[in-house]
Amino acid sequence: MIYLILFLEFFKVGLFALGGGLAALPFLQDLIVKYGWMTSAELLNMIAISESTPGAIGINTATFIGNNTAGIPGGIIATAGLAAPSIIIITIIAHYFESFNQHPLVKSAFSGIRPAVAGLIASAAFELARGGIFNLNNLQFNNNLLQFFDYKSLFLLVIIFAAIRKFKKHPIFYIMAAALIGIIFKF
Amino acid sequence: MKKLLKIFLIFFKIGSFTFGGGYAMLPIIKRELVDNLGWIKENDIYNYYAIGQSTPGIIAVNTATMTGYSLCGIKGALAATSGFIMPSLIIITLIASFFKRFQQINLFQHAFAAIQVAVVALIIDIVIKMWQKSDKSKISLLIFLLAFLLLVIFDLSPVFVILGSAAAGILIQYYRGNLQPAYHNYHNQNQESDK
């Protein structure tokens, strides 16, 4: 029975959470309160771990909550529930997209969407940098402008970026290299 | 079957190295499917991501499903999505069972802080590549800047940015007079292919 509840509740989250893993947060909050699965502090802890492990944040959190509530099968079922609406909706869209993507209206729409997506991705990088490189989040605590930059991170950013442009290695190479550098130099 | 297995494995790899939101998967998708295998066109990936971003559900899962479908139909969609999800299931199950104190392990904290920097660098690189692949017109630059500012300063939902830019794209093509002849060609071609 708990498996059915997990599947259906996470199916609902997947259906209504529009705009990425963090959009699912309020839904998850309601969910754990409704069933008393865990405290808000435990949920926040799980989300923090989900953000710093590989994979989509929403999927990681679903696996975590499901696992915590009903063991390994619970984790699998919650995750399947969360992914199911995506698979259904996108499969339907993809089916029609193949026959419509050459339509002039669709092509014109995408000529406007593509630069906007570039803006979207750039803003995601900016948000990530805001916390990790520019220290904008700490600025209100100490008004010392010298602490505006995290020099270690900024230096690493410049080096990795130069390496990406010059060597064109696989993205995974840079992620692994950064992980190693982070451990050695205690980022 | 061989292709399905390959799709599964590629998305397993992508799921294993996507740190952050769905956008973090783009550099790896591009490298694997565009540069290495040539299975998909670069601009198509960005289109799929835009669709994934503006439909309900987890963006990364949407993008994986969309890409998988374009490669191999419904089977491809399932192979890509299950491949992408699998590393999460394994890693989180391990953490939940064995490392209750995961967050207190400094090693992971240090590694993750630096990985975030690498992701920022990879994303900047992707944005530059998207610009190089675009028509490089002033109006595209304007849409790019407008989208960036609306998202960063006004915290607007990406869904509205995508819908707005779609409308802008249609209006621009209409005012340039590209839409009518394109319609004409499209319908002529369709009629020819019907015969």
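This dialogue considers how to read the fold and the domain contact of chain B in a predicted model.

User: Which secondary structure elements does chain B have, and in what order do they run from the N terminus?

Analyst: In this predicted model, chain B has 8 helices and 0 strands. From the N terminus on, the order is therefore α-α-α-α-α-α-α-α, with helices and strands taken as DSSP runs.

User: What box do the C-alpha atoms of chain B fill, and what percentage of the residues is buried?

Analyst: Along the principal axes, the box is roughly 65 × 45 × 30 Å. Of the 195 residues in chain B, 51% are buried, where buried means under 20% relative accessible area. The accessible surface comes to about 9,400 Å², and carbon and sulfur atoms account for 64% of that surface.

User: How many positive and negative side chains does chain B have?

Analyst: Chain B has 16 positive and 9 negative side chains; the centres of the two sets are 8 Å apart.

User: Where do the domains of chain B lie in the sequence?

Analyst: The domain assignment gives domain 1 as 2–101 and domain 2 as 106–194. Each contributes 12 residues to the contact between them. The centres of the two domains, taken over C-alpha atoms, are separated by 20 Å.

User: How is the size of such an interface expressed, and what area is buried here?

Analyst: Interface size is often given as the accessible area lost when the parts come together. Between domain 1 and domain 2 of chain B, about 1,100 Å² is buried, with 82% from carbon and sulfur atoms. On the domain 1 side, Phe19(B), Pro27(B) and Tyr46(B) lose the most area to domain 2, together 39% of what that side buries.

Methods: Residues numbered from 1 in each chain as written. Chains lettered and ligands numbered in written order. Predicted model: local features only at pLDDT ≥ 70, side-chain atom pairs only at ≥ 80, totals over all residues. Heavy atoms only, no water. Helix = DSSP H or I, 4+ residues; strand = E, 2+ residues; numbered from the N terminus. Buried < 20%, exposed > 50% of the residue type's maximum accessible area, 1.4 Å probe, protein only. Areas by Shrake-Rupley, 256 points an atom, 1.4 Å probe, with all protein chains shown as cover. Lys, Arg positive; Asp, Glu negative; His and termini not counted. Charge placed at Lys NZ, Arg CZ, Asp CG, Glu CD. Domains from an automatic or database assignment. Contact = heavy atoms within 4.5 Å. Buried area = accessible area lost by both parts, 1.4 Å probe.
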